Amino acid sequence: MSKSAGGFDVELPPSLKAERRGDIAILFLARPEKRNAIDDPTVFGIEEFFAALPDAIKAVVLAGEGEHFCAGLDLGELTSRDVAQGIAHSRSWHRAFERIEFGKVPVVAVLHGAVVGGGLELAAACHLRVAERSTYYALPEGSRGIFLGGGGSMRLPRLIGVSRVMELILTGCTYGAEEGQTFGLSHALVDDGAGLAKGIELAERIATNAPLSNFAVMHVLPRIAESDPASGLLTESLMAAIAQGSDDAKARLKDFLEKRGKKVLRG
Ligand code: 1HE
């Protein structure tokens with residue numbers, strides 16, 4: 001186990017660091033000297049980390065060290081790949097990011113500074129995004145002569161629509177943190193330096209949910225949303241019955257009915 005694995009039973013490259021805080025894991029992109037650009041070892045490290053998460057971990061926070069969340073693909077690696085290697089490389093990103101999106105537990109990304117190219121694709125694979133005010137978003141693929149390769153063509157249109165993804169790539173424009181919040185790239189917008197605490201707060205809140213509800217949100221809800229309505233509604237009914245039939249749900253409902261459960265209060 002490498003020193004940077006933070007007690008997790010996984011070998012991490014120097015570009016990743018993990019920490020554990022109770023039932024929350026924090027994974028840092030830790031290559032600030034290259035603005036957390038994602039090279040092959042980082043992609044494989046992300047895949048391994050999420051595949052090997054212990055059952056005791058109930059939510060993950062993903063953040064970046066240094067001034068930027070992530071400068072995207074390591075452009076230095078690109079020059080040496082032929083077409084077949086390019087496909088294999090993109091597929092390796094797909095595998096790694098699927099481990100996040102359809103992994104064991106929800107993942108909260110904490111964004112600041114540049115969230116560009118593959119960095120935005122990585123953020124889009126997470127379930128919630130907290131953005132600090134310094135955050136800006138871009139897809140410079142057009143100017144680099146490349147294309148999305150980390151699942152962004154699938155995930156980003158779901159967040160902001162095909163039209164805005166086109167705008168980002170065709171014009172090379174950037175969206176600031178406020179625009180990102182309005183367009184649906186982030187769920188929370190916080191002051192600079194406050195992102196990690198907010199991300200941990202959300203992860204701790206997620207960790208108190210019933211695991212089966214979190215599973216349904218991660219794995220079933222997105223599939224329902226892409227189903228035809230009849231199949232989607234049937235799947236919803238099946239999932240609802242499975243969830244409410246669990247001992248966990250019964251205990252939580254009993255707690256509420258016997259005045260022990262938390263009320264839903266605005267705050
Ligand atoms: C890098 C990379 C990188 C920085 N690959 N080395 N991504 C991009 O097109 C973004 C390219 N990066 C930038 O535009 C800027 O670096 C930033 C705006 C993110 C940050 O600027 P700054 O002034 O803080 O840093 P810097 O001086 O530009 O970079 C510091 C070092 O990081 C420098 O290396 P050094 O050896 O000269 O110190 C940079 O070369 C290095 N660096 N970004 C490699 N991306 C699955 S497909 C995904 C497709 C994409 O992601 S396309 C988008 C690629």
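A residue counts as partly exposed when its relative accessible area falls between the buried limit, under 20%, and the exposed limit, over 50%. The views below come from a predicted model.

**View 1. Arg 35 sits in a loop and has a positive phi.** The loop runs between β2 (24–29) and α1 (40–51). Phi of Arg 35 is near 55°. Most residues other than glycine have a negative phi. Arg 35 has a relative accessible area of 45%, so it is partly exposed.

**View 2. Lys 259 also has a positive phi.** Here phi is near 65°, again in a residue other than glycine. Lys 259 lies in the segment after α12 (247–257). Is Lys 259 buried or exposed? Its relative accessibility is 76%, so Lys 259 counts as exposed.

**View 3. Polar atoms of Glu 33, Lys 34 and His 68 approach ligand oxygens.** In Lys 34, a side-chain N or O atom is 2.5 Å from an oxygen atom of the ligand. His 68 places a polar side-chain atom 3.3 Å from a ligand oxygen. Glu 33 uses its backbone instead: an N or O atom there lies 3.4 Å from an oxygen atom of the ligand.

**View 4. A shell of 23 residues surrounds the ligand.** Which residues come nearest? They are Lys 34, Ala 71, Leu 73, Gly 118 and Arg 144. By class, the shell holds ten nonpolar, six polar and seven charged residues.

**View 5. Cys 70 is buried and forms no disulfide.** A search of the whole structure finds zero disulfides. Why does Cys 70 have no bond to Cys 126? The sulfur of Cys 126 is the closest cysteine sulfur, but it is 11 Å away, too far for a bond. A disulfide needs two cysteine sulfur atoms within 2.5 Å. Cys 70 has 0% relative accessibility, so it counts as buried. Cys 173 is in no disulfide either. For Cys 173, the nearest cysteine sulfur is that of Cys 70, 19 Å away.

**View 6. Confidence varies between elements of the protein chain.** The chain averages a pLDDT of 96. Of its residues, 99% score at least 70. Which element has the lowest mean pLDDT? Helix α2 (residues 75–78) does, with a mean of 89. Strand β4 (residues 107–111) has the highest, at 99.

Technical notes
Residues numbered from 1 in each chain as written. Predicted model: local features only at pLDDT ≥ 70, side-chain atom pairs only at ≥ 80, totals over all residues. Heavy atoms only, no water. Near = heavy atom within 4 Å. Polar contact = N/O pair within 3.5 Å; in protein donor to acceptor, adjacent residues only side chain to side chain. Nonpolar A, V, L, I, M, F, W, Y, C, P; charged D, E, K, R; others polar. Buried < 20%, exposed > 50% of the residue type's maximum accessible area, 1.4 Å probe, protein only. pLDDT = per-residue confidence, 0-100. Helix = DSSP H or I, 4+ residues; strand = E, 2+ residues; numbered from the N terminus.
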